[in-house]
Amino acid sequence: MSQITTHILDTSLGKPAADVRLKLAQKTADGYWHTLAEGTTNADGRVADLLSKDTVLPTGMYKMTFYTEGYFTAQNCPCFYPVIEIQFNLSDNSHYHIPLLLSPFGYSTYRGS
């Protein structure tokens, strides 16, 4: 399993959000964001192989960017938040799960397991 995983649930439909494009980036020492991986959620709202299982990231600040506009457009649904960025800190080399609970007019997240 990837050190960083995500799962997107569309709370307005009560089901996983498939075909959502996302990007994982690391903040560099000079303050820029370096893209580490990109993917698209599967039918279960997950990206199975965002990072290889052997990849161990150093501590620091990271960002998961979810491109939700295409997802809602495909459903003929309005989208108030076309891009959602979640910044988080890695403090050790354990597994980090970044879930996204999504609806057309709101979202929430937490550190999952």
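In the predicted model, Tyr 107 has a relative accessibility of 37% and therefore counts as partly exposed. Its ring pairs with that of Tyr 81. The two ring centres lie 5.2 Å apart and the planes meet at 90°, so the pair is edge-to-face. This pair joins distant parts of the chain. Tyr 81 sits in the loop between helix H1 (69–74) and strand S6 (83–90), whereas Tyr 107 belongs to strand S8, and 26 residues separate the two. Tyr 81 is likewise partly exposed, because its relative accessibility is 32%. Phe 80 joins Tyr 81 and Tyr 107 in one aromatic cluster.

The aromatic pairs number 4. Another of them is formed by Tyr 71 and Phe 72. Here the centres are 5.0 Å apart and the planes stand at 70°, so this pair is also edge-to-face. Both Tyr 71 and Phe 72 are buried.

Aromatic rings also receive charged groups. Arg 21 places its charged end over the ring of Tyr 67, at 4.0 Å from the ring centre. The charged end of Arg 111 lies over the ring of Tyr 96, 3.9 Å from the centre.

The overall architecture was examined next. The protein chain contains 1 helix and 8 strands. Read from the N terminus, the order of elements is β-β-β-β-β-α-β-β-β. For 113 residues, a compact globule would have a radius of gyration near 13 Å. The value for the protein chain is 14 Å, which agrees with that expectation. Along the principal axes, the C-alpha atoms occupy a box of roughly 40 × 30 × 20 Å. Of the 113 residues in the chain, 40% are buried. The exposed surface comes to about 6300 Å², of which carbon and sulfur atoms supply 51%. Among contacts with a separation of 6 or more, 58% are between residues 24 or more positions apart.

Four strands form an open sheet with mixed pairing, in the order S2-S1-S7-S8. Its edges are strand S2 (15–16) and strand S8 (106–109), each of which pairs on one side only. Strand S8 is also the element that holds Tyr 107. In general, the strands of a sheet pair through backbone hydrogen bonds, in a parallel or antiparallel sense. Strand S1 (residues 4–10) and S2 are antiparallel, with 2 bridges between them. Leu 9 has Pro 16 of S2 as its bridge partner.

Two lysines in strands were then compared. Lys 63 lies in strand S5 (residues 60–67). Its relative accessibility is 10%, below the 20% limit, so Lys 63 counts as buried. Beyond its neighbours within four places in sequence, Lys 63 contacts Lys 23, Leu 24, Ala 25 and Trp 33. Its contacts also include Glu 85, Ile 86, Gln 87 and Phe 88. Lys 27 is part of strand S3 (residues 21–27). This lysine is partly exposed, because its relative accessibility is 37%. With neighbours within four places in sequence again set aside, Lys 27 is in contact with Tyr 32, Trp 33 and Met 61. Trp 33 thus appears in the contact lists of Lys 63 and of Lys 27. Between Lys 27 and Leu 50, the C-alpha to C-alpha distance is 17 Å, for a sequence separation of 23 residues.

Backbone geometry is notable at two loop positions. Asp 19 is not a glycine, yet it has a positive phi of about 65°. Asp 19 is located in the loop between S2 and S3. With a relative accessible area of 59%, Asp 19 is exposed. Asn 76 also has a positive phi, of about 55°, without being a glycine. Asn 76 falls in the loop between H1 and S6, which is the loop that holds Tyr 81. The relative accessibility of Asn 76 is 75%, so Asn 76 counts as exposed.

Definitions and conventions
Residues are numbered from 1 along each chain as its sequence is written. This is a predicted model: local features need pLDDT of at least 70, side-chain atom pairs count only at pLDDT 80 or more; totals for chains, interfaces and linings use all residues. Side-chain values use heavy atoms; hydrogens and water are left out. Buried means under 20% relative accessible area, exposed over 50%, partly exposed in between (1.4 Å probe, protein chains only). Contact means heavy atoms within 4.5 Å. Two strands pair if DSSP finds at least two bridges between them. Rings of Phe, Tyr and Trp (its six-membered ring) pair if their centres lie within 6.5 Å; planes under 30 degrees apart count as stacked, over 60 as edge-to-face and the rest as tilted. A charge sits over a ring if NZ of Lys or CZ of Arg is within 6 Å of the ring centre and within 35 degrees of the ring normal. The radius of gyration is taken over C-alpha atoms; the globule rule is 2.2 Å times the number of residues to the power 0.38. Accessible areas come from the Shrake-Rupley method with a 1.4 Å probe; for residues, only the protein chains shown count as cover.
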